[in-house]
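Grab a coffee and work through a few short exercises on salt bridges and helix packing. Try each one before you read its solution.

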Amino acid sequence: MSSNADLLKSLKIDRNAAPPPAPRTGLWIGLAVAGAVLLAAGGWFAFGRGKDLEVRTAEVVAIGNGNASASVLDATGYVVARRMATVSAKVTGRVRDVRIEEGQRVEEGQVLATLDPVDADAQRALAASQLNAAQSQIGSVQAQLKEAEANAARLGALVGQKLISRAQYEQSVAARDALRAQLATAQRNAQVARDGLRIADNGVDNTVVRAPFAGVVIAKSAQPGEIVSPLSAGGGFTRTGIGTIVDMQSLEVEVEVGEAFIGRVKPGMPTETILNAYQDWKIPGKVIAIIPTADRGKATVKVRVGLDAKGDPRIVPDMGARVGFLEDAKPAQAAKPGVLAPAASIVQRDGKDVAFVVVDGKAMQRTLALGRTLGEDREVLQGLAGGDAVVLDPPEQLVDGVRVQPAREDADADANND
């Protein structure tokens, strides 16, 4: 019993006893907070401090120098030849020989093809025979005339002496004059025969097809054995030409300019032509003429543009081209060099227009002097140079000297370009 009483007594709460000391909770909370701060600081130093800020960049483009000319209008068109000919024979005939191939360069007067000259040779032989006959007749009449003149002279002396009658003398004179007329007729007939022979010679020469000017053959249209004619003689069985020749020195560009912009184009205006086949080749030139008529359906006016690179083998007819019409070059002191920078790269910092240029992995702040707004770009007159890499949409935490690295999509694009 005593043991049970002792146990119950030990469970009794002493109301007069002093309270136990409180646990040191605040101290532990403070230690935990300090540890978290130190851990966060260590993590920032270990990971965040060494990680560069990812940014997107774009390249600044130079738009000219002190004496450059700016394009006031662009138009598209095609390369055309002002001197191009489909060479044909002057007469109808069968082709005997073709001496050209596509791409061959020919000189003026060079033989391109020959026709069968059988008929032309026969005509020439006939004309030559007629000329020989006329010349023979002249010789016969001249012999008769010589005799008649001598007879008239002798009778003239006799009639003076009253040895013959006046009628006999006049008869001899008439015979002489008749022979003189016959000689003149024979001489004219001989001249006609001579002209006929010359025409027959031209007929023979017409069977030889020659180049009318120096150029390059771009098409061969006939083959030996085919019939060619200057006029089509029935269906597709008769060729109208031997080949097509282009004078490469006469190449130019024809573009169509909208009516609303034709006022910007002037004859003699400098131009810059870029062929679709050679995008990096800028060909200087000038406006030759503005064709004084408009296309009602397309509301355009045709403009002829000359090229300074005449005879260059890279320029061929029917090539697509883009022509920039340039304003006259300004004096160097009046022009201001500048660059084009994306408008997204320009921000306000402390009331100034600035941009951040990436140099050796760091963002360097540049104060800018701005010019015109050109679409999504801004003209920068001072502060940037062509080729600078500027940060697009600079974040607020981006400051001068911060290390940056290209964003992942930019890096992937550079890798693909490489």
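**Exercise 1: a pair within one helix**

The side chains of Arg166 and Glu170 form a salt bridge, with 3.9 Å from N to O. Keep in mind that this is a predicted model. Your task: work out where Arg166 and Glu170 lie, and decide whether Arg166 is buried or exposed.

Solution. Start with the cut-off: a salt bridge needs the side-chain nitrogen within 4 Å of a carboxyl oxygen, and this pair comes in at 3.9 Å. Next, place the two residues: both sit in helix H4, 4 residues apart, or about one turn of the helix. Now for accessibility. Exposed means over 50% relative accessible area, so Arg166, at 52%, counts as exposed. Glu170 has 47% and therefore counts as partly exposed.

**Exercise 2: a pair between two strands**

Find the elements that hold Glu254 and Lys302, and say what their pairing ties together.

Solution. First, the contact: the side chains of Glu254 and Lys302 make a salt bridge at 3.8 Å, N to O. Glu254 belongs to strand S13 (residues 251-258) and Lys302 to strand S16 (residues 300-307), so the pair ties together parts 48 residues apart in sequence. Then check the surroundings: Glu254 is partly exposed at 21% relative accessibility, and Lys302 is partly exposed too, at 35%.

**Exercise 3: a pair between two helices**

Which helices does the salt bridge between Asp201 and Arg124 link, and at what angle do H3 and H4 pack?

Solution. Begin with the pair. The side chains of Asp201 and Arg124 meet at 2.3 Å, N to O, in a salt bridge. Asp201 is in helix H4 and Arg124 in helix H3, so to speak distant parts of the chain, 77 residues apart. Asp201 is partly exposed with a relative accessible area of 28%, and Arg124 is partly exposed at 35%.

Now step back to the helices. H3 (residues 118-160) and H4 (residues 166-205) pack at about 165 degrees, and their axes are 7 Å apart. Angles over 145 degrees count as roughly antiparallel, so that is how H3 and H4 run relative to each other. Their crossing is left-handed. As for who is in the contact of H3 with H4, there are 23 nonpolar, 15 polar and 8 charged residues.

**Exercise 4: the wider count**

How many salt bridges does the structure hold, and which residues are linked in a network of them?

Solution. The total is 18 salt bridges. The network links Arg82, Glu252 and Arg304.

How values were computed: Residues are numbered from 1 along each chain as its sequence is written. This is a predicted model: local features need pLDDT of at least 70, side-chain atom pairs count only at pLDDT 80 or more; totals for chains, interfaces and linings use all residues. Side-chain values use heavy atoms; hydrogens and water are left out. Axes are lines fitted to C-alpha atoms, for helices over the stretch in contact, and angles run from 0 to 180 degrees between N-to-C directions. Angles under 35 degrees count as roughly parallel, over 145 as roughly antiparallel, 65 to 115 as roughly perpendicular and the rest as oblique. A crossing is left-handed if the near helix is turned anticlockwise from the far one by less than a right angle, and right-handed if clockwise. Ala, Val, Leu, Ile, Met, Phe, Trp, Tyr, Cys and Pro count as nonpolar, Asp, Glu, Lys and Arg as charged, and the others, Gly among them, as polar. Buried means under 20% relative accessible area, exposed over 50%, partly exposed in between (1.4 Å probe, protein chains only).
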